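Hi,

Here is the structure I promised to pass on. Have a look at it first, and my notes follow underneath.

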Amino acid sequence: MRIICAIGRRGGPELIGRLAEIVGGHAEWLMLHVIDKGPRHDLEDFLRGPLHRRPDHGSPPHEMALDEAEETAGRAAVDEALAAARQAGLKAEASVRAGNPERTVVEFASEMQADLIAISGSEGAEGHPHMGPVSVGHTARFVIDHAPCDVLLFREKDRSGIL
Amino acid sequence: MPDLHTSVGAAIFLATLAVIMIRPYGVPEAVAALGGAALMLAGGFVRPAEAVTLLVNDWNVYGFFLGMMAISALADQAGIFEMLAYRAGQWGRGSGMRLYLAVFAVGAMITAFLSNDATALILTPVVYALATRLRLAVLPFVFACTFIADTASFLLPVSNPINILFMDACGGNLGEFLHHLLLPSIFCIGFNIAVFAWLFRRDLRMSYDPALLPVVDLPDRRYYNFTVVLLILVAVAYVAAAANDFPLSIVALSGGMLLFAGAARYRCLDMAKLGKEISWSLFAFITGMFIVVRAVENLGLTTSFGGWLTGLAGDSRLGAVLIIAACTALGANLINNVPMALVMISVLGAMHAHPVNRALVYAAVFGADLGPNLTTVGSLATMLWLLILRRKGLEISTLEYFKLGVTVVPIMIMAGSLLIWLNL
C-alpha cells in the first residue's frame with residue numbers, strides 16, 4: 001500500500017502519528033509538501049501594476065529572500081514529518097514541490113499510483129478570515145473531489161464547531 | 001439645460017474617468033489622464049498658458065512625490081525594511097499575535113513617515129518572506145500590511161501623497177491637521193487591529209520559534225547606520241516643516257539627495273534599480289488629472305456640485321462633514337483617489353464660505369485616504385486582497401469581502417466623521 005501524506009507548513013508529525021495509529025506500519029509512505037506560489041505571484045503581479053510599478057520585487061534581493069524563505073520552510077516541514085515517521089519505524093520518503101497545492105497533490109498521487117492520500121482538513125484554510133462556518137480548507141476540498149484514490153481526511157483536534 | 005460646450009467638457013471628463021476605471025485594452029491610467037488633458041486643451045476648456053501656470057504652481061506636489069519615492073527606494077536598498085521586519089520578529093517573542101501587533105506597529109510607523117505606498121509595496125513582500133520562514137499563515141500578515149497602509153494614512157500630512165494634494169491646494173498646517181485627524185486616525189487604526197485580530201484569531205494563536213528568524217544580510221553596515229540617522233532627521237524635519245508651513249517637497253527632495261549621496265559614498269547605489277523603483281507614470285497621471293479637473297472647474301461643474309452638497313447638508317455641520325467624507329470615499333472607490341481628491345479640492349474651493357470649511361477639507365482627506373478600502377475598485381489594499389483570494393478561491397468570495405468592506409469601512413467613516421465634528 002502506498003500512502004501520500006500531504007504535509008502542510010505545520011502539523012506534519014501529528015498527521016503521521018494519527019495515520020500510523022490507523023493504518024499501522026505496513027505501507028510505503030511518501031511525504032509531500034507543496035510550496036504554494038499562488039499568493040506570491042498575485043502579490044508580484046499587483047506590485048507591477050501601472051501606477052504602482054515596482055519591478056524590483058521581481059528581482060533580487062526580495063525575490064531571492066522569498067525563494068529562500070519558501071524553500072527553508074518547506075524543507076523544515078517535510079524533515080519534521082520524516083523524522084516523526086522514521087521514529088515510528090515507518091518506511092518513508094519525502095518530496096518538496098512548488099505549484100498549486102491541490103493540483104500538485106492530485107497529480108503526485110496519480111504519478112505515484114498511490115492507494116491513499118492523507119490530508120488535514122485545514123489545508124488551504126489558513127489565512128482566511130473566519131467569517132462563517134467552514135468545513136474544510138480549499139486544498140483539502142479539491143483533493144477530496146479530484147483524487148484518483150481514496151482520501152483520508154484528518155480534522156483539527158481543537159475544532160470548535162461553527163465559527 | 002447645459003450648453004453644448006459644457007456638455008462636451010463633461011463628456012470628456014466622464015470618458016477619462018471611465019477609461020481610468022475600466023482600463024479597456026489595458027490602457028494605462030497615465031495615458032487615459034494625458035489623453036483627457038489633451039482633449040481638454042484642444043477643446044479650449046483650459047488655455048495652454050493656464051495649464052502651464054497650474055502645473056508650475058504644483059511644484060511642491062511633484063517634488064514631494066519624487067523625494068518620497070526616492071527615500072523609500074533608497075531605504076529599501078539599505079535594508080531598513082528587512083531590519084524592521086526582523087525586529088518585529090524579535091518583539092513577537094514566539095507569539096503569532098504579538099508578531100501581528102508588531103507588524104501593525106511597524107506598518108503604522110512606515111506609513112506615518114514614509115507614506116502608505118512604502119508600507120503596501122515594500123514592507124508587504126518583506127513581511128511575506130518573514131511569515132513564510134516562521135511557518136506562520138502568510139495572508140493575515142500580508143493583509144495587516146496592506147490595510148494599515150490605508151488606515152494609518154492620515155496620521156501625518158506626509159503619510160499619504162493624497163494628503164499633500166489637499167494641503168498644497170487648501171493650505172493648513174500640522175496643528176490643524178492633527179486637531180482634525182488625530183482622533184479619527186487613532187480610532188481607525190485601533191478598530192482595524194481589533195477587527196483583524198478577531199477575524200484571523202485562529203491563525204494568530206500559532207506560535208513560532210524565534211530561532212528561525214533570518215539573519216539580515218545588510219549590504220553595508222555603515223550605509224545602514226547612515227540611513228537610520230538620516231531617516232530620523234527626515235522624520236523630524238517633516239514634522240517641523242508641516243508645523244511651520246515650510247514646503248514638504250524640499251524636505252523630501254533633500255532627504256532623497258542625501259540618501260543618494262550616502263549610497264554613492266558607501267558604494268551601495270544601484271542607479272538602474274532606483275530608476276525602476278520610482279513610478280514615473282504617476283507624474284504623467286497627476287499632470288493629466290490636474291488639467292482635466294481644472295477644465296471641469298472652469299466650466300463651473302465643481303461649483304455646482306459643491307452647491308448641491310451644501311444644499312444636501314442643510315444647516316447641519318455633522319451632516320456636512322459626513323457628506324463630504326462619504327462622498328469622497330465613494331468617489332475614491334469608483335474612480336481612483338487621485339482624481340477624486342482633485343475634484344474635491346475644487347469643490348471645497350467653491351464651498352469656501354461654508355462655516356466649517358476647514359473641517360470639511362480634513363473630512364475629504366479622511367474619505368480619500370480611507371475610502372478605497374470600501375469595495376473592490378480603486379484601492380491598492382483591496383485589489384491585493386481580491387487578487388490573492390481569487391486565486392485561493394473558495395473560502396471567501398468577492399461578496400464576502402464586499403460584506404466585510406461595507407461593514408467595517410462605513411463604521412470607520414461614520415465614527416471618524418463624528419470625531420471630526422466633535423472637534424469643531
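Which strands of chain A does helix H1 (residues 12–23) lie across? Keep in mind that this is a predicted model. The helix lies across S1, S4 and S5 of chain A, and it runs at about 155° to S1(A).

Those strands belong to an open sheet of five strands in chain A, with the order S3-S2-S1-S4-S5 and parallel pairing. If you want to find the edges, look for strand S3 (91–99) and strand S5 (150–154) of chain A, each of which pairs on one side only. Going from one strand to the next, the twist averages 25°.

S1(A) is a good place to zoom in. This strand covers residues 2–6 and runs parallel to strand S4 (residues 116–120) of chain A, with three bridges joining the two. One pair to click on is A:Ile4, whose bridge partner in S4(A) is A:Ile117. S1(A) also pairs with strand S2 (residues 28–36) of chain A, again in the parallel sense, over five bridges. There, A:Ala6 stands opposite A:Leu32 in S2(A). As for burial, S1(A) is mostly covered, with four of its five residues buried.

Now over to chain B, where I looked at a pair of helices. Helix H3 (residues 48–57) and helix H15 (residues 280–298), both of chain B, pack with their axes 10 Å apart and at an angle of about 125°. Oblique is the word for H3(B) and H15(B), then, because angles from 65 to 115 degrees count as roughly perpendicular and only those over 145 as roughly antiparallel. The crossing of H3(B) past H15(B) is right-handed.

Which residues make that contact? From H3(B) come B:Ala51, B:Leu54 and B:Leu55, and they meet B:Thr287, B:Phe290, B:Ile291 and B:Arg294 in H15(B). Sorted by class, the contact of H3(B) with H15(B) has five nonpolar residues, one polar and one charged.

One last residue in chain B: is B:Leu334 buried, exposed or partly exposed? You'll find B:Leu334 in helix H17 (residues 317–334) of chain B. It has 16 C-beta neighbours inside 10 Å; a buried residue needs 20 or more and an exposed one has 12 or fewer, so B:Leu334 counts as partly exposed. B:Leu334 is also 133 residues from B:Arg201 in sequence, and the two are 32 Å apart in space, C-alpha to C-alpha.

Cheers

Terms used. Residues numbered from 1 in each chain as written. Chains lettered and ligands numbered in written order. Predicted model: local features only at pLDDT ≥ 70, side-chain atom pairs only at ≥ 80, totals over all residues. Axes fitted to C-alpha atoms, helices over the stretch in contact; angles between N-to-C directions. Parallel < 35°, antiparallel > 145°, perpendicular 65-115°, else oblique. Left-handed = near helix turned anticlockwise from the far one by under 90°. Contact = placed C-beta atoms within 7 Å. Nonpolar A, V, L, I, M, F, W, Y, C, P; charged D, E, K, R; others polar. Pairing = 2+ DSSP bridges.
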